Amino acid sequence: MFSVPIARPRAFSGIQPTADSLHLGNYLGALKQWVELQDSYDCIYSVVDLHALTVGPDPESLRQRVRATAAQFLAAGVDPERSILFVQSEVPQHTQLTWLLNCVTGFGEAGRMTQFKDKAAKLGDQAVTVGLFDYPVLMAADILLYDAELVPVGEDQRQHLELSRTLAARLNSRFGEGAAVVPEALIVKATAKIYDLQEPTAKMSKTGHPSGIIELLDDPKVIAKRIKSAVTDSGAEVTWDPAAKPGVANLLSIYSALTGQPIEQIVDDYQGKLYGHLKSDLAEVVIAALSPFRERTALYLADPGQLDRILSTGAERAEDIADRVYRRIATRFGLGQAERSR
Ligand code: TYM
């Protein structure tokens, strides 16, 4: 007997291969949700190497980081039997759809993206590329190309997601309903923004203070040191007060997300104890969670043949969907009158 697969809604998300290791913000803000969503969605996850080009990486390190990032997706629990895992540049429809979306995106609309404005301000006019400006449009293309209904991301991507929704709605109003699916963001409040350990009002980021981030592949000793030297707030009592005590609140959020214990319970457990106790216990929690992850990543990286097979099967499956959706949208634009039979 064959079982007929029941169509499930689709989820799409991506992470840039811009570091050797992902960090705890990427994991708690995005990757953890990716893994959980596999039970209820058809999930498509991508190593978005075209986005990474906007920071001008060294070619060899980009190649290595693409593989290392894919290995970390797998180690976190992305299951290539259930989900599609692929490298963005291997599916050419991403750049093709970006062009179509460029032609319906306002210059001012793209210029209002705060991530662009922040990066452009840091880089200065001479160094800012058109690619960096177009980053959110490529991101919208990623999502619309798979008719994705849900997009699990961290808080910093909210505005980009809004632009994707606006562009999808614009295609529908310009070309008629059914041109594009309007996606929803999935931003889990408790972990939407994990903060830098040294500067707990700034998000943990690849470009932040090196000792302010916990990389998923860090050595346990490094992890323990970073957590123990995390900036905490004045006072010594463990309480939940994100506005007045952002450093302690960040540690509590991480603790809660990794153990599943509610914040109030953790706060109760630390009554009468000092910040130092919380830090050393949290170091153990993080190390226990990340050690198996580090080992699994190493296993995937030690078998390049298997990784290649997973990524090439993923690219084929992704392109199958992307090709159909791209043609549907391109036809609405008036392209493809002389459709060749392929
Ligand atoms: P990237 O690689 O910068 O970030 C990957 C994911 O990690 C989340 N994140 C965080 N979440 C909580 N706290 C933090 N400190 C933190 N830092 C990062 C990000 O929100 C993101 O979910 N533009 C995307 C990549 C992308 C994409 C897409 C995502 C390209 N195309 C299509 C979704 C759908 C990005 O931020 O990558």
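Q: In which hand does α3 pass α12, left-handed or right-handed?
A: This is a predicted model, with pLDDT of at least 70 needed for local features and 80 or more for side-chain atom pairs, while totals for chains, interfaces and linings use all residues. Residues count from 1 along each chain as its sequence is written, and side-chain values use heavy atoms, leaving out hydrogens and water. As α3 goes past α12 (helices being DSSP H or I runs of at least four residues), the crossing (clockwise turn of the near helix from the far one, by less than a right angle) is right-handed.

Q: What does the angle make α3 relative to α12?
A: The axes (lines fitted to C-alpha atoms over the stretch in contact, angles 0 to 180 degrees between N-to-C directions) of α3, residues 59-76, and α12, residues 275-301, come within 8 Å and cross at roughly 130 degrees. So α3 sits relative to α12 (not under 35, over 145 or 65 to 115 degrees) as oblique.

Q: How much of the ligand's accessible area does the protein cover?
A: Asp142 puts a polar side-chain atom 2.6 Å from a ligand nitrogen, and Gln157 has one 2.8 Å from a ligand oxygen; the N/O cut-off is 3.5 Å. Out of 710 Å² that the ligand has on its own (Shrake-Rupley, 1.4 Å probe), the protein covers 96%.

Definitions and conventions:
A polar contact is a pair of N or O atoms within 3.5 Å; within protein, one must be able to donate a hydrogen and the other to accept it, and residues adjacent in sequence count only if both atoms are side-chain atoms. Helices (H or I, at least four residues) and strands (E, at least two) are DSSP runs, numbered from the N terminus.
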